[in-house]
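Got the structure open in your viewer? Let's take a walk through it, one selection at a time.

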Amino acid sequence: MVKIKTLEEIELMRESALIVSKTLGMLAKEVKPGVTTLHLDKLAEEFIRDHGAYPGFLGMYDFPNSLCMSPNAQVVHGIPNDKPLQDGDIISIDCGSYKNGFYGDHAYTFEVGEVDEATKKLLKVTKESLYKGIEQFKKGNRIGDIGYAIQKHTEDHGYGVVRELVGHGLGRDMHEDPQVANYGKRNTGKKIIEGMVIAIEPMINMGTHRINQLKDGWTILTLDNKPSAHFEHDIAIVNGKPELLSTFKYVNEALGIVTNEEDAFRKKPFVM
Ligand code: MG
Ligand code: MG
């Protein structure tokens with residue numbers, strides 16, 4: 001059952017989401033060759049706690065850390081370790097926070113040093129597909145419209161859309177109804193209604209959409225060992241339209257990226 005949120009609850013959720021956004025912005029400055037994912041995990045945990053929140057993933061389903069850190073061919077749910085990142089890697093960082101009874105859940109795939117052009121393009125197209133999905137999250141549409149838009153954009157580039165893992169409703173629980181697949185058919189699935197809050201999170205592979213899981217019981221990786229990208233935002237339906245609760249502004253600022261891709265999904269200019 002979909003749990004609809006009041007405007008007051010949506011404001012609390014925005015606070016949780018923005019703590020994650022700020023955490024990703026802080027990490028953007030720290031991601032570089034030689035740094036370990038375990039070190040980044042410790043920085044994030046401290047940062048989240050300093051902002052009066054609890055790391056949303058820590059202990060959830062017995063996950064051992066605060067961040068899911070998935071380099072290169074890892075899709076999602078990678079466990080931080082003491083292996084240094086290398087020049088040319090990509091690293092998907094998924095981060096959760098819990099504050100005032102609500103979760104934030106939001107992810108970004110970073111380049112480590114100099115990344116090759118084909119991988120840069122995978123990241124660009126995956127991020128574009130996230131916004132194409134968000135565009136479809138509006139009153140009157142159905143959840144399948146989101147997956148259709150993401151699948152169309154990424155498959156047009158020859159990429160594989162992971163089937164087994166999906167976006168989700170978000171709120172007092174990290175994973176609520178509805179499931180939000182990154183593939184699908186137009187005009188299918190649950191109706192999108194006022195007060196719905198979801199996390200949209202395309203997981204897009206450079207090659208096959210097929211995946212494997214490591215023996216650790218967590219790490220998901222591509223079957224062909226080609227890279228995979230993951231971007232995630234938290235979005236609410238307010239006045240029938242999608243409103244972003246999370247933002248990549250802090251990441252963009254840290255990386256010197258100038259873009260207006262989020263502007264269409266805000267009722268007012270973003271204040272840092
Ligand atoms: Mg996430
Ligand atoms: Mg999620």
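Start at the magnesium ion (ligand 2), whose donors are spaced D-x62-H-x32-E-x30-E along the chain. Keep in mind as you click around that this is a predicted model.

Now bring up the side chains around that ion. Asp-105 (OD), His-168 (NE2), Glu-201 (OE) and Glu-232 (OE) coordinate the magnesium ion (ligand 2) at 2.1 to 2.2 Å. Pick out the two glutamates next: Glu-201 sits in the loop between strand S9 (197-200) and strand S10 (203-205), while Glu-232 sits in the loop between strand S13 (228-230) and strand S14 (233-238). They are 31 residues apart, so this pair links distant parts of the chain. Switch on a surface and check them: Glu-201 and Glu-232 are both buried.

Which residue bridges the two magnesium ions? Select Asp-105: this residue bridges ligand 2 and ligand 1, and the two ions lie 3.2 Å apart.

Hop across to the magnesium ion (ligand 1). Its protein donors are Asp-94 (OD), listed twice, Asp-105 (OD) and Glu-232 (OE), and they lie 2.0 to 2.4 Å from the ion. Along the chain, the donors of ligand 1 follow the spacing D-x10-D-x126-E. Here the pair to highlight is Asp-105, in strand S5 (residues 102-111), and Glu-232, in the loop between S13 and S14; the two are 127 residues apart and link distant parts of the chain. Asp-105 is buried, as is Glu-232.

Next stop, a pair of helices. Select H3 (residues 117-136) and H4 (residues 143-155), which pack at an angle of about 155° with their axes 8 Å apart. That makes H3 and H4 roughly antiparallel to each other, since angles over 145 degrees count as such. Their crossing is right-handed. To see the contact, show Val-125, Glu-128, Ser-129, Lys-132, Gly-133 and Gln-136 on H3, then Asp-145, Ile-146, Ala-149, Ile-150, His-153 and Thr-154 on H4. Color them by type and you get 4 nonpolar, 5 polar and 3 charged residues.

For the last stop, select Asp-82, in the loop between strand S3 (74-76) and strand S4 (90-99). Is Asp-82 buried or exposed? Its relative accessibility is 62%, so Asp-82 counts as exposed. Leaving aside residues up to four places away in sequence, Asp-82 touches Thr-36 and Leu-38. Finally, draw a C-alpha to C-alpha distance from Asp-82 to Leu-170: they are 31 Å apart in space and 88 residues apart in sequence.

Methods
Residues are numbered from 1 along each chain as its sequence is written. Chains are lettered from A and ligands numbered from 1 in the order in which they are written. This is a predicted model: local features need pLDDT of at least 70, side-chain atom pairs count only at pLDDT 80 or more; totals for chains, interfaces and linings use all residues. Side-chain values use heavy atoms; hydrogens and water are left out. Axes are lines fitted to C-alpha atoms, for helices over the stretch in contact, and angles run from 0 to 180 degrees between N-to-C directions. Helices (H or I, at least four residues) and strands (E, at least two) are DSSP runs, numbered from the N terminus. Angles under 35 degrees count as roughly parallel, over 145 as roughly antiparallel, 65 to 115 as roughly perpendicular and the rest as oblique. A crossing is left-handed if the near helix is turned anticlockwise from the far one by less than a right angle, and right-handed if clockwise. Contact means heavy atoms within 4.5 Å. Ala, Val, Leu, Ile, Met, Phe, Trp, Tyr, Cys and Pro count as nonpolar, Asp, Glu, Lys and Arg as charged, and the others, Gly among them, as polar. Donors are N, O and S atoms within 2.8 Å of the metal (3.2 Å for Na, K and Ca); water is not among the atoms, so sites may look incomplete. Buried means under 20% relative accessible area, exposed over 50%, partly exposed in between (1.4 Å probe, protein chains only).
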